[in-house]
Every structure is written in structure tokens, then in C-alpha cells.
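Q: Please take a close look at one helix of this model and at what surrounds it. I would like the contacts, the burial of the side chains and the charges in one connected account.

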Amino acid sequence: MKKKVKWIISIIVVALVGLLIFDKVTKNTSEAKSDSSEKITVVAATSGSPNPFTYEEDGELTGQNIELIKAVFEKLPQYKLKIVKVEFSSIFSGLTSGRYQIAVNNLAKNAEREKNYLFTDPIFKNSYVVIFKNGSDKAKTADEWSDLAGLSTVGSSGVNSTTAIEEYNKANPDNTIELNYSSEDLKSQLEGVESGKYDFLVMDKPMFEYYQKEYSLDLTGKTISGDLSTALMSEPYSYFVVGKEETQLAEDINAALKEVVEDGTSKQINEKYFDEDYSPTYDD
């Protein structure tokens, strides 16, 4: 009889232990699934140019913009960041459709884009130069937009300098600058000026200095002034761009971006690529 009672008690104990283990495993699994489901995946689209803001190295996307967006999302544990390389032409349509939530491409702000998308706080404060072949007499008179009228240049759609030239041409249809759109990388565009294919190129000072250091091109950069300065420096920033409905995401990015600037991470990234800090400043 005693043996039978002991046997029954043993079965009950084993059953209880099993139930406790099962309950703990189930709870842990449930919590893990809950933690996973709370992470919101954010797909960031980039074209992989212009270098050094976004480019591929050994099959991996990198660059100033790429490192900066990663640093921002390191401060946003509620999100899981996924960066994809796409054609530039599909970035904005992808934002509209919701395929991508953020564009990371050293993008400028203009009125048309502001109607359809949200811009984060500035990520990079630009300064500009007008680039000519060394010895060009045209470089001597390049302090007004009208001085560049009739000359040829090249640019990629969407970048700050191209946007500024487009605005100038719209306002001056009888005295335009010949703007050639190209998907060439910036090195090829600069070589086009060097060879005489194009008369000049307007581009970010930090990018020009980076390419001069890398490739020793026979070019000179003239600091902008006059209406060139007014047209470009009235909006001297680059931004991350998010979908129109992504208001919470934009707010979260802005909060983290401010931290990244204030704790010096942005400065470290900029100095890595440009030997100088181009971080924006934020007023409280």
C-alpha cells in the first residue's frame, strides 16, 4: 500500500514539474515573440551614390549618410533598420507606396518634395564651390548666376546644386545654364570638366575636397558669392526623407539625430570622410 502511495505521489510530482517547465518555456517563447513583434522594421532606400555619402565597398553599403543613419537607429531600439540599394528613380515612388520608409541619399529640400514627403531635421550643412578646369578664364567671373548662363554643366537629379540650377533656369528662361542630367558618378562628372566636356560643375565643397585628395584632378574650386551664395546657401542642408504619413518615425529620427550630433558621433563620422565637421547645429 505504501509503495502504491509513493508511486502515485512520484507521478504527481513529475507531472507538476513538467507543467511548471512547460509554463516557463511557453512564457519565455511568448515574451520573445512579443519582443520581436514590437520591433518595427524600417526600410531605408539609397542609390549607392554620390560617394562619399553613400557607396558600396566590398559589397557593403557605407558612406557618411549610411554611417549616420545607422548611428541614429542605434538610439532607437524600437526599430529594426534595413538598408537597400535601389535605382534613384524609384526612391520617391517607393516612399509614396510605403515600400520604403526613409530615403538616405544626401537629399535636398524643395517645395514639390515638401508637398509629398516629410523631411527630418538637417543631417549635413553644406558649403559650395564652382569648379573649373585649372587655367579657365571663365573661373574669373563666376560669382553671379548670370555669369554662368550659356555655359554647360552636369548634375544628378535631386542633389542640392542641380535643384538650385533648375530653379534659376525656371526664373530665367531666356538666359539659362545648359544643364546636362547624368547618372555618371561624381568622379566622371569632374573628369568631364577636366576634359572640357562641361564648362563647370557646382558641388559641395567637402565632396570636391574629398575627390581632389583621392584623384589629384586638374581642377580649381571658386568659392561662391553674390546670387550664387544666396541661391545655394538659402537652403544649405541635406536631409533624410520619410513618407508623408510617417510622422512618428520622423519625430523619433529627429530626437535620435539631435543626440548623435550633440554627443559628437556625427562629428566623428564627418571628420572620417572630410577631415572637417559639417554637422548642423540645433537650437533648443
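A: In this predicted model, a starting point is K272, which is exposed with a relative accessible area of 54%. The side chain of K272 forms a salt bridge with that of E67, with N and O 2.6 Å apart. K272 belongs to helix 11 and E67 to helix 2 (residues 64-74), so this pair ties together parts that lie 205 residues apart in sequence.

A second bridge involves the loops next to these helices. K75 and D263 form a salt bridge whose closest N and O atoms are 3.2 Å apart. K75 sits in the loop between helix 2 and strand 4 (79-85), and D263 in the loop between helix 10 (247-262) and helix 11, so the pair ties together parts 188 residues apart in sequence. K75 counts as partly exposed at 32% relative accessibility, and D263 is partly exposed as well, with a relative accessible area of 41%. Through salt bridges that share partners, K75 and D263 are joined with E259 into one network. A search of the whole structure gives twelve salt bridges.

Next come the aromatic residues. The structure holds 14 aromatic pairs. One of them is Y273 with F274, a tilted pair with 6.4 Å centre to centre and 50 degrees between the planes. Y273 counts as buried at 6% relative accessibility, and F274 counts as buried at 6% relative accessibility; the cut-off for buried is under 20%. Ring pairs link Y273 and F274 with F53, F124 and Y278 into a cluster.

The segment after helix 11 (265-274) contains D277. D277 is partly exposed, with a relative accessible area of 34%. Because a patch takes only residues with over 30% relative accessible area and no salt bridge, D277 at 34% meets the area cut-off. On the surface, D277 gathers with E209, E271 and E276 in a patch of negative charge.

Helix 8 (residues 205-215) has P206, M207, F208, Y210 and Y211 as its buried residues. S216 follows helix 8 and has a positive phi, near 50 degrees.

For a further salt bridge, consider E184 and K197, with their closest N and O atoms 3.7 Å apart. E184 is in the loop between strand 10 (178-181) and helix 7 (186-195), while K197 is in the loop between helix 7 and strand 11 (201-204), 13 residues apart. E184 counts as partly exposed at 26% relative accessibility, whereas K197 counts as exposed at 53%.

Conventions:
Residues are numbered from 1 along each chain as its sequence is written. This is a predicted model: local features need pLDDT of at least 70, side-chain atom pairs count only at pLDDT 80 or more; totals for chains, interfaces and linings use all residues. Side-chain values use heavy atoms; hydrogens and water are left out. Patches are made of residues with over 30% relative accessible area and no salt bridge: like charges are joined within 9 Å, nonpolar side chains (Val, Leu, Ile, Met, Phe, Trp, Tyr) within 5 Å. Accessible areas come from the Shrake-Rupley method with a 1.4 Å probe; for residues, only the protein chains shown count as cover. A salt bridge is a side-chain nitrogen of Lys or Arg within 4 Å of a carboxyl oxygen of Asp or Glu. Lys and Arg count as positive and Asp and Glu as negative; His and the chain ends are not counted. The place of a charge is taken as NZ of Lys, CZ of Arg, CG of Asp or CD of Glu. Helices (H or I, at least four residues) and strands (E, at least two) are DSSP runs, numbered from the N terminus. Buried means under 20% relative accessible area, exposed over 50%, partly exposed in between (1.4 Å probe, protein chains only). Rings of Phe, Tyr and Trp (its six-membered ring) pair if their centres lie within 6.5 Å; planes under 30 degrees apart count as stacked, over 60 as edge-to-face and the rest as tilted.
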